[in-house]
Amino acid sequence: MPDNIHAIPAAAARAAPPAIAVRDLVKVYGAGPTAKTALKGINLAVPRGSFFGLLGPNGAGKSTLINILAGLVRKTGGTAAIWGFDIDGQTRQARGAIGVVPQELNIDPFFTPREALEFQAGLYGVPRSERRTDEILAAVGLSDKANSYARTLSGGMRRRMLVAKALVHAPPVLVLDEPTAGVDVELRQQLWAYVRQLNRAGTTVVLTTHYLEEAEALCDHIAIVNHGEIAAMDSTPALLSRLDRKDVILTLGADLAAVPPVLADLGAELLGPRRLRLHYRPSQIAFSTVLARIQGAGLEIADLSTQDADLEDLFLELTSRKAA
C-alpha cells in the first residue's frame, strides 16, 4: 500500500466532517402490527482516521446500519453521510468513499482472486493504469493463489479475498463486519497487521466483532449498540473508565476452607482451595486499605495480582441492563 492518499493533517481532519455521520437514523422492516424497528433514531459520528469499534449482541442493529451505509438497505428516516457525502443526495460519491467487507463469504466460485479484483475495480470505474491488483493481493497474502479458482480457497483465504475486493477503489473508509469469523490465529494476526497499516496511513476503519478482546486492543473509539439504540459511545479509555471495579487475585500458601469474615464485604470468593478473588471499587476504597485487610485476615500469600475491568465487563453491563 502506498502512502495513503486519504491521509490528511491533524488540523484539517478536525475541521473536516466525520468519516461517517449518522443523525436520527431509523429503519423499520415491514408495516402494521408485524413491523419491526431495527434502528431507533441512531446518532453516530466516526472520526476521520480512527479505528472505530461498532459492537453489540446479535440482532442489535449493527448489520442494518452497515447495510444502509453500503447502499444495500433503504433507511426509513434520518440522514447518513460518508466522508461528507450524503448517501441519498450524493449516492455515487458516498459509495465510492466506503469499502465493506461483509460477514457472509459472498464470492463467485468461478473467479480467481485476480479476476475478482479486476472486475470489482471495473465496477468502481478505476482506470487500468491506476489498479493495484497485484499489490493488494500481496498485501493480503494471496499472491500465490492469484490465479486459483475461488472455490478452491480455504475459508481464511476467501475472507482475505473479500478484504482485497473492498480495497480496489482505495476507499477512505473501510468497514469490516466480523472479518475474523472462522479465521485461524495466524491468518487473524496477518489480517490485523495489514489493517493496522492501512489505519496508520489514514484509512478510517470501522470494525464489528464478537471478539471483544480484539476490539479493546485495536479500537481507539467504540460504540455499543443494543436494541437499535446507541447504549454508549466514547473513546475506548473513557468507556473503560466508567467501570469502577478492580479485582485482586490471591494465591495462598495453604488451603483455605472458607472466606475470612474480614474480607466478606470485599466480595471475596474462593476459586479453589488456595485461590481467592476480591472485588473492590477504587473510587471508594484505596488499594492500601485492601492490602491491610488481607494482612489482617492472617493469610499466607504466595502470589498476588490485580485485574482491571475490561470491555467485556462493560459490554455485558450495558446490554444486560437494557434487556432488564
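In the predicted model, strand S1 (residues 20–29) and strand S4 (residues 77–82) run antiparallel and are joined by five bridges. One residue of this pairing is Ala21, whose bridge partner in S4 is Ala81. The two strands belong to an open sheet of four strands, arranged in the order S2-S1-S4-S5 with antiparallel pairing. Strand S2 (36–46) and strand S5 (85–86) form the edges of this sheet, each of them pairing on one side only. Helix H2 (residues 62–69) packs on the sheet, where the helix touches S1, S2 and S4, and its direction makes about 115° with that of S1. In general terms, the strands of a sheet pair through backbone hydrogen bonds, in either a parallel or an antiparallel manner.

The protein as a whole comprises eleven helices and 14 strands, and its C-alpha trace spans about 75 × 50 × 45 Å along the principal axes. Of its 324 residues, 44% count as buried, while the exposed surface of the protein amounts to about 15900 Å², of which carbon and sulfur atoms supply 51%. Among the contacts with a separation of 6 or more, 69% are accounted for by residues that lie 24 or more positions apart.

Helix H7 (residues 185–200) was examined with respect to both its length and its sidedness. Its 16 residues, at 1.5 Å a residue, should span 22 Å, and because the C-alpha atoms at its ends are 22 Å apart, the expected and modelled spans agree. The buried residues of H7 are Leu187, Arg188, Leu191, Trp192, Tyr194, Val195, Leu198 and Asn199. Viewed down the helix axis, these buried residues fall within an arc of 165°, and they therefore line one face of H7. An α-helix has 3.6 residues a turn, so residues three or four places apart point the same way. The face of H7 turned away from the buried side carries the exposed residues Val185, Glu186, Gln189 and Arg200. On the buried side, the packing partners comprise both strands and helices: strand S3 (51–55), strand S7 (173–177) and strand S8 (204–208), together with helix H5 (133–139), helix H6 (155–166) and helix H8 (212–218). Just after H7, Gly202 adopts a positive phi of about 120°.

A further set of antiparallel pairings is centred here on strand S13 (residues 275–280), which pairs with strand S12 (residues 269–272) over three bridges. S12 and S13 form a hairpin, with two residues between them. Within this hairpin, Gly272 stands opposite Arg275 of S13, and Glu269 has Arg277 as its bridge partner in S13. Strand S11 (residues 246–252) is likewise joined to S13, in this case by six bridges and with the two strands running antiparallel. In this second pairing, the bridge partner of Lys246 is Tyr280 of S13. The two faces of S13 can be told apart by their cover, with Leu276, Leu278 and Tyr280 on the covered face and Arg275, Arg277 and His279 on the uncovered one. Tyr280, the partner of Lys246, thus belongs to the covered face of S13, whereas Arg275, which stands opposite Gly272, and Arg277, the partner of Glu269, belong to the uncovered face.

Methods. Residues numbered from 1 in each chain as written. Predicted model: local features only at pLDDT ≥ 70, side-chain atom pairs only at ≥ 80, totals over all residues. Heavy atoms only, no water. Pairing = 2+ DSSP bridges. Contact = heavy atoms within 4.5 Å. Axes fitted to C-alpha atoms, helices over the stretch in contact; angles between N-to-C directions. Expected span 1.5 Å × (residues − 1). Buried < 20%, exposed > 50% of the residue type's maximum accessible area, 1.4 Å probe, protein only. Arc of directions from axis to C-beta. Areas by Shrake-Rupley, 256 points an atom, 1.4 Å probe, with all protein chains shown as cover.
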